[in-house]
Amino acid sequence: MNTLWLLCSLALMGGVSTTEDCSYHRLQEHLGLSQKNESTTGLRPVVHWTNSTLVMVDMILFGIMDLNEKSSTFTSYVFISTAWVNYFIAWEPKEFCGISKMTVPRERVWIPDIGIQEDISDTSSTILSPYVQVHHNWLAQVIDQRRLTTSCKMDLYRFPLDTQSCSITFKSMIHRASEIKLRAFASTTAVNHITRESMTTLDEWDFLGIAMTEEELNYGGDEKWHQLIYKITLRRRPLLYIINLVVPIAFFLVLDLASFFISEAKGEKLGFKVTILLSISVLLLILNDILPSTANNLPVIAIYCIVIFALTGLSLLETMLMSFLIDMDSRVDQDVQTSAKTCKETQEETECRREPERDAESSLEKVDTFNKKDLDGDWLNNPHLLQLILKEVQNVRQEWFSVNVRCGQKKPGYWEKVARRIDQAYFCLYLITTISFLIFISFMWLH
């Protein structure tokens, strides 16, 4: 009695039918999917072997986990829907109580070997659905979710104002284009709309869109492989890099320009410039950890940092030259104060050079006087006269040399004036070069 009451209750609720079997088990037995069968799992489901199998692949991007410039990898979280035509899975829904679709274990049906060409993920990052959904109109579908890591060729020339495009290529690993045709089931507009609505994380990127293209790849000969390419375009959010890299280096450049107004006397200018140079070196090390060392084109930010580093280094060398000239001027001042005053400081250099000439004339007059006295005698045999002549000639030579050395020294303050002129000329050249370079680098970055 209780059993009859239970059957009647289930019949009223639509759970069972007292006249026919409407279970999924009956449909599985009808399709031969109640157990694993090599004929349904190992062979491509076509009526004739020359027929191609249509495989439709849709990919929805749910999150951007990372885009690593150093390793050139793109990590994303995606849902991949793969649907294909299986000519051996079909039934009339009205014959099976209106059942139009059902799920079966994936090991009981044939699944196309669609892989991703750029995939470098490990197996633990893939969550495969244990079931395949089959429809009454020959269609089978499986949906997998993956934390996908793919290789991505990046163009970092305009970093951090760059836009990157990463491709995800679906293709069969074994079957040729004559055996499997790849298509996208959803349109590009629908895929982009769903992706924007369901995006959970973007990291430092803005999603611009997904483009889909179909290609046939030929490795040589008559064999071709059909592939479906999803091209994801992303734009970097540059604010963080501008604040942490671009602005500090520009600020250091401004400080280096301002250091020209620091006096050389206290010796603080040289230490200040060395500090600026070391600070730029630290930022260059940070940039080196971000950018890859195998880039084909040198990024604009690398040119920006290297040129500013070089300008700062040249400015440091110029400061060292100024310090050397000023020190040399102080040494000249000390030498002038301690040396004998052969030439007065108020005399012109030409007057100083005439002094040895006058001494030479006086010595020659003395020699001439001796010559006149001993002209009638044998003056060549007079040793006293010869000794006097040699002594006078030696004195003239020594006085000529010493006066030339003393009068050839620069006056105190000469090298300091030279240093000031060099510093002013270098500052003007440095300022013009800096402004021209900043205009040029801005044009390269923005265009």
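## A walk through the chain

Let's begin at a loop: S72 sits in the stretch that links β1 to β2, the latter covering residues 73-90. What you have in front of you is a predicted model, so keep that in mind as we go. S72 isn't a glycine, yet its phi is positive, about 55 degrees. Is S72 buried, partly exposed or exposed? Its relative accessibility is 26%, and because buried means under 20% and exposed means over 50%, S72 counts as partly exposed.

Another loop has something similar to show. C97 lies in the loop between β2 and β3, and β3 takes in residues 101-105. Phi of C97 is near 60 degrees, again a positive value in a residue other than glycine. With a relative accessibility of 34%, C97 counts as partly exposed too.

One more loop deserves a stop. Between β7 (137-151) and β8 (163-172) you'll find P160. Which kind of peptide bond joins F159 and P160? It's a cis bond, and its omega is about 5 degrees.

Now step back and take in the whole chain. How many helices and strands are there? The chain has ten helices and eleven strands. It runs to 447 residues, and buried residues make up 35% of them. Now take the contacts between residues at least 6 apart in sequence: 77% of these join residues at least 24 apart. In other words, a contact can bring together residues that are at least 24 places apart along the chain.

T53 gives you a good example to look at. T53 belongs to strand β1, which covers residues 53-68. Find E179 as well: T53 and E179 are 126 residues apart along the chain, but their C-alpha atoms are separated by just 6.0 Å. Leaving out residues up to four places away in sequence, T53 touches R44, V46, W84, V85, W110, E179, I180 and K181. With R44 there's a further detail, since the two side chains make a polar contact of 3.1 Å. Is T53 buried or exposed? T53 has a relative accessibility of 1%, so it counts as buried.

For a second threonine, move along to strand β8, where T169 has its place. T169 is buried as well, with a relative accessible area of 4%. Which side chain makes a polar contact with the side chain of T169? That would be E118, at 2.7 Å. E118 is also one of the residues that T169 touches, not counting those up to four places away in sequence; the others are G115, I116, Q117, Q227, L228 and I229.

Time to turn to the helices, with some help from a record. An unreviewed UniProt entry annotates residues 239-262, 274-295, 301-321 and 427-446 as "transmembrane region". Let's check two of those spans against the model. Residues 301-321 are 100% helix and 0% strand, and the C-alpha atoms at the two ends lie 30 Å apart. Residues 427-446 are likewise 100% helix and 0% strand, with their end C-alpha atoms 29 Å apart.

Next, let's hunt for empty space inside. Rolling a probe the size of a water molecule over the atoms shows where such space is left. How many cavities of 30 Å³ or more does a search of the whole structure find? The search finds one. The largest cavity has a volume of about 30 Å³, and its lining is made up of E264, M322, I326, A419, R420 and D423. Two elements give two or more residues each to that lining, namely α7 (300-338) and α10 (414-446). The largest share comes from α10, with three residues. If you sort the lining by type, you get three nonpolar residues, three charged ones and no polar ones.

Let's finish with one residue from that lining, D423. You'll find D423 in helix α10. Its relative accessible area is 13%, so D423 is buried. What does D423 touch, if you don't count residues up to four places away in sequence? Its contacts are F260, K269, E318 and M322, and M322 is itself part of the cavity lining.

Key. Residues are numbered from 1 along each chain as its sequence is written. This is a predicted model: local features need pLDDT of at least 70, side-chain atom pairs count only at pLDDT 80 or more; totals for chains, interfaces and linings use all residues. Side-chain values use heavy atoms; hydrogens and water are left out. Helices (H or I, at least four residues) and strands (E, at least two) are DSSP runs, numbered from the N terminus. Buried means under 20% relative accessible area, exposed over 50%, partly exposed in between (1.4 Å probe, protein chains only). Contact means heavy atoms within 4.5 Å. A polar contact is a pair of N or O atoms within 3.5 Å; within protein, one must be able to donate a hydrogen and the other to accept it, and residues adjacent in sequence count only if both atoms are side-chain atoms. On a 1 Å grid over the protein atoms alone, a cavity is a set of points where a 1.4 Å probe fits but cannot get out, and a pocket is an open set with protein on both sides within 12 Å along at least five of seven lines; lining residues have an atom within 4 Å of a point. Grid points are joined across faces, edges and corners, and a volume is the space filled by probe spheres set on the points. Ala, Val, Leu, Ile, Met, Phe, Trp, Tyr, Cys and Pro count as nonpolar, Asp, Glu, Lys and Arg as charged, and the others, Gly among them, as polar. UniProt positions are given in the numbering used here, feature names are shortened, and annotations may be inferred rather than shown by experiment.
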